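Dear colleague,

I am handing over the structure we spoke about, and the sequence and coordinates follow directly below. Please look through them first, and then read the notes underneath.

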Amino acid sequence: MTLTKKTIFAIVFTLIVVMGIGSLVMIQRQSNALTEKMQKESNLLSNSMSLTVGKLMSDNFDNRGYLQKMTEKLGALPGINEVIVYDPKGTVIADSDREWIGQSKAQVFEDVKKVLETGKTFQDVETVEGKKLYSNTFPIYMEKGGKNEIVGIGEVNVDLVKIAQTITLKDQANLLASVVALNLEKVLSDDRGGRNYLQRLAEEIGKTEGVSEIIVYDSDGVVIGDTDRKWLGQNKINEFEDLRNVLKTKKPHQEYETVEGKALYSSLVPIFSEDKNLIGVVETGMSLEYIEGQIAQARNRILLLTLLSLGAMSFLMILLLRKSVLAPIQKLTSVTKQIAAGDLSQRVPITSKDEIGELAASFNAMTESIQDKNEELKTFNEELQTTNEELKSTNEELEAANEEIRETQEKLLQQEKLAAVGQLASGVGHELRNPLGVLKNAVYFLKMKLTSSDEKVNKHLKIMEHEIDNSTKIINDLLGFSRTRKPALAPNPINDVIKEALASIEVPKNVVLSQELSSDLPNAMGDRDQLRQVFINVISNAIQAMGETGGMLKIRTHKEGNFVEADFSDTGSGIPKENLNKLFDPFFTTKSRGIGLGLAVSHGIIERHGGKIKVTSQVGKGTTFMIDVPMAQ
Ligand SMILES: Nc1ncnc2c1ncn2[C@@H]1O[C@H](COP(=O)(O)OP(=O)(O)O)[C@@H](O)[C@H]1O
Ligand SMILES: [Mg+2]
């Protein structure tokens with residue numbers, strides 16, 4: 001069933017149930033109310049009947065013709081099925097149907113038998129010829145010589161269904177008026193001595209619920225019977241217009257009126273004698289308050305019933321909707337939340353074949369596919385991660401390889417460069433060395449020959465000699481650089497090698513030389529000539545760095561682990577940071593007349609010895625070169 005059908009079904013079902021219950025309750029209530037009403041009605045009729053019949057019998061029991069006529073008249077009233085009068089032995093003496101007149105029913109009718117036995121009124125509900133009847137059987141007493149004696153039995157049968165269909169409160173008032181009028185016909189037409197009886201009747205009936213008052217007027221408008229005895233004997237013809245009307249038109253009259261602040265529905269019925277003369281009027285006042293009370297009661301019942309029905313309807317609707325609509329939706333919502341929180345294993349139970357069921361099914365399918373996709377993604381992700389890691393390590397390897405290649409390349413480049421320079425240098429060097437030697441000898445010869453000649457000649461000779469020396473030095477550097485000869489290692493006292501180096505250098509006067517040469521120093525394992533070359537280079541650089549102003553050159557030797565170390569500290573210009581790693585490159589120089597090979601050559605020598613050269617420097621303060629040579633064993 002679809003949700004729409006479900007909802008419609010729920011509503012229709014609820015309506016049917018509620019209407020069913022409502023109708024049942026209403027019918028129950030209605031029939032209760034009606035039964036109650038009918039019983040009152042019937043009692044009222046019986047009371048008046050017993051009075052009437054009693055009076056008739058006492059006055060003129062032989063007047064059976066009249067009795068039969070009365071019975072017939074009563075039986076013709078709306079809702080009254082049958083009126084029967086029995087004599088004290090149970091023989092029917094009057095019957096509204098004329099059916100049973102003269103027949104003895106004492107042994108036939110249970111109720112007649114009961115009344116004869118007990119002397120009391122007997123009421124019961126019986127079904128006769130398919131009609132539901134309320135039967136009221138009562139004894140008729142008569143005063144005889146100061147004693148009450150049963151002179152007969154009356155029976156009034158009321159058709160409950162008929163009365164329920166026809167009788168309203170108005171009818172009730174009219175009916176009452178008719179019964180009273182019937183009574184009065186006889187009483188008023190007979191004699192005036194029956195007025196006590198009349199008053200009793202008015203009072204008796206006036207006690208009935210809803211009846212406000214019963215007033216009997218004679219044909220002149222004088223009150224001859226009054227429930228509350230107030231107006232007894234008074235002539236009201238001038239006072240009451242309705243009374244005047246009824247006396248004049250001889251027709252019944254009904255109206256709503258207010259008497260002494262009480263709202264009444266009053267019914268006036270004319271009373272006629274046997275010879276059709278108007279002999280009086282009876283007025284029955286029904287309390288409107290009572291009527292309205294009845295109406296209000298009915299209204300309240302209906303209201304209450306409506307409210308109850310509504311309540312029941314809502315309850316049923318909610319119950320049905322809850323089970324078929326709300327509960328699954330709530331379940332769906334809670335599962336959705338769980339799934340949203342990440343628990344993809346949740347599923348919605350499918351409990352119906354309607355739209356909600358469909359929704360649940362497609363929701364489950366969706367979740368299923370999300371779960372699958374999620375799983376796929378997860379594996380894919382894992383794969384990706386592995387691949388990534390692999391890539392990363394490959395990358396690292398590549399990078400390392402790259403670095404190696406780069407270093408190798410650099411080295412190669414350097415070596416190539418050095419090799420080229422070396423070739424060039426050795427070629428040029430060899431070519432220039434001999435001519436320079438010849439020049440030097442020539443200058444020496446001239447110096448010998450021209451000793452006493454003038455100063456100018458001597459000065460120029462000196463310049464020539466100096467420049468030849470410089471050139472020789474450069475050529476030596478070049479050759480030394482290209483000649484990557486393997487050092488001839490031997491244990492050498494390093495202090496001595498330093499002294500030799502110092503001896504071959506002219507230290508300017510403005511440079512103070514300080515030497516802290518360790519006395520118990522082990523021999524260094526090295527090539528004496530090459531080491532000297534290195535020290536000359538470093539000392540020359542230090543002196544050049546201090547320039548015109550001079551400064552202090554401090555030389556210190558000491559043992560450093562497995563090395564013998566010589567430190568050369570100057571107070572010169574210092575080396576800017578960006579130049580520190582270029583110092584040992586061939587041809588790196590900051591000097592106008594330098595060629596930048598000194599440190600490159602020194603570095604090569606020390607490396608071939610298995611030693612190290614370290615530098616610390618501060619611009620403007622000075623530089624220290626530390627040269628480590630392996631210790632001789
Ligand atoms: N003690 C030092 N103080 C300052 N600078 C120095 C020192 N020693 C070397 N240098 C720097 O290193 C460069 C290279 O020195 P070197 O290889 O001997 O070549 P050159 O002396 O021909 O310039 C020098 O030009 C100079 O700038
Ligand atoms: Mg130099």
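How many residues surround ligand 1, and which are the closest? In this predicted model, ligand 1 is surrounded by 20 residues, of which the closest are D570, T589, T590, K591 and L599. Oxygen atoms of the ligand take part in several polar approaches: one lies 2.7 Å from a polar side-chain atom of T589, one is 2.8 Å from a polar backbone atom of L599, and one lies 3.1 Å from a backbone N or O atom of G596.

A second place to look at is helix 7, which spans residues 241-249 and in which D242, L243, V246 and L247 are buried. Seen down the helix axis, these buried residues fall within an arc of 135°, so they line one face of helix 7. On the other side of the helix, E241 and K248 are exposed. The cover over the buried residues includes strand 6 (211-218), strand 8 (253-259), strand 9 (262-272) and strand 10 (278-287). Just after helix 7, K250 takes a positive phi of about 60°.

Lastly, there is E155, which sits in strand 5 (residues 147-159). E155 is buried and yet has no salt bridge, since the nearest side chain of opposite charge, that of K105, is 9.8 Å away, whereas a salt bridge needs the charged atoms within 4 Å. The side chain of E155 does make a polar contact of 3.4 Å with the side chain of N157. Beyond its neighbours within four places in sequence, E155 is in contact with residues including E82, Y86, D111, S135 and F138.

With best wishes

Conventions
Residues numbered from 1 in each chain as written. Chains lettered and ligands numbered in written order. Predicted model: local features only at pLDDT ≥ 70, side-chain atom pairs only at ≥ 80, totals over all residues. Heavy atoms only, no water. Buried < 20%, exposed > 50% of the residue type's maximum accessible area, 1.4 Å probe, protein only. Helix = DSSP H or I, 4+ residues; strand = E, 2+ residues; numbered from the N terminus. Arc of directions from axis to C-beta. Contact = heavy atoms within 4.5 Å. Lys, Arg positive; Asp, Glu negative; His and termini not counted. Polar contact = N/O pair within 3.5 Å; in protein donor to acceptor, adjacent residues only side chain to side chain. Near = heavy atom within 4 Å.
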